[in-house]
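Trainee: I'd like a close look at one part of this model, and then a walk through whatever else is worth pointing out. Could you take your time over it?

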Amino acid sequence: MAYGLLKGKKGIIFGALNDASIAWKVAERAHEEGAEIVLTNTPVACRMGTIDELAAKTGSTIIPADATSVEDLEMLFSEAQKVLGGQIDFVLHSCAMSANMRKKRTYDDLDYSLFEKTLDISAISFHKMIQVAKKMDAIAEYGSILALTYVASHRTFFGYNDMADAKSLLESIARSFGYIYGREKNVRINTVSQSPTFTTAGGGIKGFDGLYDFSDRMSPLGNASADECADYCVVMFSDLTKKVTMQTLFHDGGFSNMGMSLRGMTQYNKSFIDENRDENGKIIYG
Ligand SMILES: NC(=O)c1ccc[n+]([C@@H]2O[C@H](COP(=O)([O-])OP(=O)(O)OC[C@H]3O[C@@H](n4cnc5c(N)ncnc54)[C@H](O)[C@@H]3O)[C@@H](O)[C@H]2O)c1
């Protein structure tokens, strides 16, 4: 059901790769709510993914840009304002990648050049896009900037690797820049901390199926889907949340405030197995 929450608003959505992407669902919902949008992703992702379908469906223009390149971002914000006919009201940062995870490097054996890439793509790109937008005065008063994050920024999750550090930095950037941009232009900056979701990036996390099931059992409302995340993002882009800024907003069915649930305990009791140990009886931590 559409409420016209984004009627007349103009937005840029980063990170729609295919129809499983959270950004894809956000673009669809934003369009339903009356927004005009520009879609962006890396040139490679625009060629390899199915973003053209989304553009056709939502009547939007695609402007390829690498979110780690300041030059690309300057071109993007300039072109997007021309296409949309004015300042931007909302931006979604939905970009993440860890080559250490892809190459199965564990957290105690990271490749540092790949670690820098993880931080650049998944966190510093958020700073770059906000700084570029602010210098160009590309965001309208009371505009809303969002990035997607995960609770592993606050608490340690097996297998989340260097992405946990990237998410901590991402959330910190939302606070630091939220202060400056709020003070000067009333622009809001927040992160939405989403439940595990089956997407291309989600599938790269070690033991993702188990994490998804654990999280679902632990959450009183169950895991939040990508469509539900899109609903929440739309509200955050709308004028209904004008005084919300600098927050990590949990959209996770209650997971982040749980310790143990009945469904979790029941499952745990079924599989009361010993920790993984090597031949010397030493615990293997993975
Ligand atoms: N899937 C989950 O379980 C989950 C949970 C919480 C948060 N998130 C976050 O949601 C966001 C979207 O991920 P998703 O799960 O929809 O997966 P996805 O793989 O569909 O999206 C990730 C996107 O990042 C883009 N990207 C990578 N490098 C880029 C660069 N240099 N410049 C611009 N874009 C780049 C990819 O092309 C891709 O479109 C990510 O920040 C992710 O960490 C995902």
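Trainee: Which residues of helix α3 (residues 51-58) are buried?

Mentor: Before the helix, a word on what we're looking at. This is a predicted model, so to speak of a local feature we need pLDDT of at least 70, side-chain atom pairs count only at pLDDT 80 or more, and totals for chains, interfaces and linings use all residues. Residues are numbered from 1 along each chain as its sequence is written.

Now α3. Its buried residues are Ile51, Leu54 and Thr58. Buried here means 20 or more other C-beta atoms within 10 Å of the residue's own, exposed means 12 or fewer, and partly exposed is in between, with C-beta atoms placed from the backbone. Helices (H or I, at least four residues) and strands (E, at least two) are DSSP runs, numbered from the N terminus. Looking down the axis of α3, the buried residues fall within an arc of 55 degrees, so they line one face of the helix; the arc is that of the directions from the helix axis to the C-beta atoms. The background is simple: an α-helix has 3.6 residues a turn, so residues three or four places apart point the same way. Asp52 and Ala56 are exposed on the other side of α3.

What does the buried face sit against? The buried residues of α3 pack against α1 (22-32), β2 (36-40), α2 (43-48) and β3 (61-62), where contact means C-beta atoms, placed from the backbone, within 7 Å. Just after the helix, Gly59 takes a positive phi of about 60 degrees.

That sort of phi turns up elsewhere too. Most residues other than glycine have a negative phi, so it's worth checking the exceptions. Tyr142, found in strand β5, has a positive phi near 60 degrees and isn't a glycine. Tyr142 is partly exposed, because 15 other C-beta atoms lie within 10 Å. Met246 isn't a glycine either, yet has a positive phi of about 65 degrees. Met246 is in the loop between α9 and β7 (248-251), and with 17 C-beta neighbours inside 10 Å, Met246 counts as partly exposed.

Next, the ligand. Of the 27 residues around the ligand, Ser21, Ala67, Thr199, Ala201 and Gly202 come nearest; a residue qualifies if its C-beta atom, placed from the backbone, lies within 6 Å. The elements giving two or more residues to that shell are α1 and β5 (139-149). By class, the shell has 14 nonpolar, 12 polar and one charged residues. Ala, Val, Leu, Ile, Met, Phe, Trp, Tyr, Cys and Pro count as nonpolar, Asp, Glu, Lys and Arg as charged, and the others, Gly among them, as polar.

Then there's a helix pair. α8 (residues 208-218) and α10 (residues 262-270) pack at an angle of about 130 degrees, with their axes 6 Å apart. That makes α8 oblique to α10: under 35 degrees would be roughly parallel, over 145 roughly antiparallel, 65 to 115 roughly perpendicular, and the rest oblique. The axes are lines fitted to C-alpha atoms, for helices over the stretch in contact, and angles run from 0 to 180 degrees between N-to-C directions. Phe214, Arg217 and Met218 in α8 meet Arg263, Gly264 and Gln267 in α10. By class, that contact has two nonpolar, two polar and two charged residues.

Last, Ser78 lies in helix α4 (residues 70-84). The C-alpha atoms of Ser78 and Ala138 are 7.9 Å apart, although 60 residues separate them along the chain.

Methods
Two residues are in contact if their C-beta atoms, placed from the backbone, lie within 7 Å.
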